[in-house]
Amino acid sequence: MFQFCIFCLCCQTMELLSYFLNSTDNYIQQRWVYFKHSFYYISSTTKSWPNSRNDCLQRGADLVIINSKEEQVISWIGLTDRETKGEWKWVDGTPLTKSYWGSGEPNDYEGKTEDCVEIKFHDEENSWNDIPCGDQNFWICEKTVAL
Ligand SMILES: [Ca+2]
Ligand SMILES: [Ca+2]
Ligand SMILES: [Ca+2]
């Protein structure tokens with residue numbers, strides 16, 4: 001890689017790049033997938049929303065925040081109204097602006113407390129559903145890459 005860096009003018013850039021590539025390597029080894037400036041870890045088991053989130057945090061990531069259609073996979077997403085009822089927030093603290101609720105959602109179905117959000121159908125754009133946070137679900141961790 002350093003063949004491009006003959007006069008070392010670009011060493012800093014190369015170091016950064018090398019660091020990035022090394023971490024890319026690590027992530028791929030740990031079965032992370034890289035796509036459009038984020039790494040994704042897709043779970044192979046199911047957990048409650050809080051346990052899923054803890055798993056992501058331990059991996060240096062967080063539950064997926066949906067910014068594009070491609071991120072809509074059947075799983076928990078990093079959206080909750082656990083703090084204030086009806087005030088949906090992403091796990092990074094940002095308020096919900098663009099949403100993809102399924103029809104009639106969010107609905108606290110049959111008076112249940114539904115404060116965590118799953119993607120219900122992969123093939124429908126509007127497929128978010130609030131469900132009880134203790135339900136078991138697959139989850140996706142997302143770690144954005146700042147370059
Ligand atoms: Ca995202
Ligand atoms: Ca709720
Ligand atoms: Ca619901």
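Asn129 is partly exposed in this predicted model: 18 other C-beta atoms lie within 10 Å of its own, and a buried residue would need 20 or more. Asn129 belongs to strand E7, and that strand also gives two or more residues to the largest nonpolar core. Here is a short tour from that residue to the core and helix H2.

**Around Asn129**
- Setting aside neighbours within four places in sequence, Asn129 is in contact with Gly102, Glu105, Val117, Glu118 and Lys120.
- Glu114 sits 15 residues away from Asn129 in sequence, with 8.9 Å between their C-alpha atoms.

**The largest nonpolar core**
- This core has 22 residues, and those with the most contacts inside it are Tyr40, Leu63, Val64, Trp76, Ile77, Cys116 and Cys141.
- Two or more residues each come from helix H2 (49-58) and from strands E2 (38-42), E4 (76-80), E6 (116-119), E7 (128-131) and E8 (140-144).
- Beyond four places in sequence, Tyr40 is in contact with Trp32, Val33, Phe35, Val64, Ile140, Cys141 and Glu142.
- As background, nonpolar side chains in soluble globular proteins tend to be buried together.

**Helix H2**
- Which residues of H2 are buried? They are Trp49, Ser52, Arg53 and Cys56.
- These four lie on the same side of H2, because they cover an arc of only 100° around the axis.
- A handy reminder: an α-helix has 3.6 residues a turn, so residues three or four places apart point the same way.
- The buried residues of H2 pack against strand E3 (62-63), as well as E4, E6 and E8.
- After H2 comes Gly60, which has a positive phi near 75°.

Methods: Residues numbered from 1 in each chain as written. Chains lettered and ligands numbered in written order. Predicted model: local features only at pLDDT ≥ 70, side-chain atom pairs only at ≥ 80, totals over all residues. Core = buried A, V, L, I, M, F, W, Y, C linked by C-beta atoms within 7 Å. Buried ≥ 20, exposed ≤ 12 C-beta atoms within 10 Å, placed from the backbone. Contact = placed C-beta atoms within 7 Å. Arc of directions from axis to C-beta.
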